[in-house]
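With the model open in your viewer, please follow the stops below in order, making each selection before reading on.

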Amino acid sequence: MRSLLFVPGDSARKLEKGLTSGADVLLIDLEDSVALSAKEEARRVTAEFLNQHRAKAERPRLFVRVNGLTTGLIDADLDGVMQAGPDGVVLPKTVGGTDVAHLGAKLAVREAEFGLEDGATRILAIATENAAGVFALGSFAGASHRLMGMTWGGEDLSADLGAETNRGTDGGYTDPYRLARSLTLLGATAAGVDAVDSVYTNFRDMAGLEAECREARRDGFVAKMAIHPAQVPVINGAFTPSPEAIKRAQAVIDAFKANPGAGVVGVNGEMLDRPHLLRAERLLRRAGKQ
């Protein structure tokens, strides 16, 4: 998984276009991009789209972003789309592992009701869209076997904080949002799930997007969300390990295999220890080589 593309759930045309975007995951949105008056129609369009495409072998994974647990809309969202068997559900406004467990219980009921495999529906939590969520980022470990990833959001968080903007004059995030991003990465790692970087909202600025992708990959994020199909190739390119990186990672792994009792090995004149081995193994998993 490298790229996750948001697509409004009330637009059949945009959903079909998303299939050919190259994204690894389509995030079909029933929340922010759908007006309250269009929610029911969005559930219908989304369920129809899922029913049409879920059996296809060559397709992105299909996740649905529902409305939050406190909105009064989530049960109608799940009733509308779960019969079509989405691969996963994106939970916005998540406040810690308790919210994930709560959603997991709702999914279990509907999987049983609609004859779906128990536990098949995964959860991606958007974990920093309010201040309370930031303070709960250490509580996701063990919350649910369904949890596959955590991501963060700076737009809703800035609204919750009453901020004028979430970026400085240099284009980078200001301190509160850098903190939320960093804690999401740490929280996901502690929970043993994927850390997914947030969207880059200026969809015409490909250079800025590429730079933000490089920084996210450097820090340990494995994927990034997109708000426009044009962003997908940039994200995929940034999060796909290069042949040189794969070759180096394999050399590190081979060196440790050749010296199973060693704590430190030499590779191309550099002394490497166990953290380098773990890093190499993670890179090859991302590349599909393990």
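Begin with a single pair of residues: select Ser 3, and opposite this residue, in S8, you will find Lys 224. Bear in mind throughout that the model is a predicted one.

Now widen the selection to the two strands that hold this pair, S1 and strand S8 (residues 223–226), which run parallel and are joined by three bridges. On the S2 side, five bridges join S1 to strand S2 (residues 25–29), again in a parallel arrangement, and one place to look is Pro 8, whose bridge partner in S2 is Asp 29.

Select next the whole of strand S1 (residues 3–8) and display its surroundings, for this strand is mostly covered, with six of its six residues buried. In a regular strand the side chains alternate between the two faces of the sheet. Both faces of S1 are covered, with Ser 3, Leu 5 and Val 7 buried on one side and Leu 4, Phe 6 and Pro 8 buried on the other.

Zoom out and select the eight strands in the order S1-S2-S3-S4-S5-S6-S7-S8, which form a closed barrel with parallel pairing. As you rotate the view, note that neighbouring strands of this sheet are turned against each other by 25° on average, direction ignored.

Two further stops lie within the barrel. Select strand S4 (residues 88–91) together with S5, a pair that runs in the parallel sense over four bridges, and look for Val 89, whose bridge partner in S5 is Ile 123. Four of the five residues of strand S5 (residues 122–126) are buried, so this strand is largely enclosed by the rest of the structure. Then move to strand S6 (residues 147–151) and strand S7 (residues 194–197), which pair in the parallel sense over three bridges; here Thr 151 has Val 196 of S7 as its bridge partner.

Turn now to the helices. Two packed helices are described by the angle between their axes and the distance between the axes. Select helix H8 (residues 206–219) and helix H9 (residues 232–239), whose axes come within 9 Å and cross at roughly 30°, which makes H8 roughly parallel to H9. The crossing of H8 and H9 is right-handed. To see the contact, show the side chains of Met 206, Leu 209, Glu 210, Cys 213, Ala 216 and Arg 217 from H8 and of Val 234, Ile 235, Ala 238 and Phe 239 from H9; these residues divide into eight nonpolar, no polar and two charged.

Continue with helix H3 (residues 74–81) and helix H4 (residues 96–113), whose axes come within 11 Å and cross at roughly 35°, in a crossing that is right-handed. The contact is made by Ile 74, Asp 75, Leu 78 and Asp 79 of H3 and by Leu 103, Lys 106, Leu 107 and Arg 110 of H4, and its residues divide into four nonpolar, no polar and four charged.

Finish with two loop residues and their backbone angles. Most residues other than glycine have a negative phi, and most peptide bonds are trans. Select Lys 93 in the loop between S4 and H4, where phi is near 55°, a positive value in a residue other than glycine; Lys 93 is partly exposed, with a relative accessible area of 27%. The last selection is Asn 268, in the loop between strand S9 (264–267) and strand S10 (270–273). Phi of Asn 268 is likewise positive, near 55°, and at 75% relative accessibility Asn 268 counts as exposed.

Note on methods: Residues are numbered from 1 along each chain as its sequence is written. This is a predicted model: local features need pLDDT of at least 70, side-chain atom pairs count only at pLDDT 80 or more; totals for chains, interfaces and linings use all residues. Side-chain values use heavy atoms; hydrogens and water are left out. Axes are lines fitted to C-alpha atoms, for helices over the stretch in contact, and angles run from 0 to 180 degrees between N-to-C directions. Angles under 35 degrees count as roughly parallel, over 145 as roughly antiparallel, 65 to 115 as roughly perpendicular and the rest as oblique. A crossing is left-handed if the near helix is turned anticlockwise from the far one by less than a right angle, and right-handed if clockwise. Contact means heavy atoms within 4.5 Å. Ala, Val, Leu, Ile, Met, Phe, Trp, Tyr, Cys and Pro count as nonpolar, Asp, Glu, Lys and Arg as charged, and the others, Gly among them, as polar. Two strands pair if DSSP finds at least two bridges between them. Buried means under 20% relative accessible area, exposed over 50%, partly exposed in between (1.4 Å probe, protein chains only).
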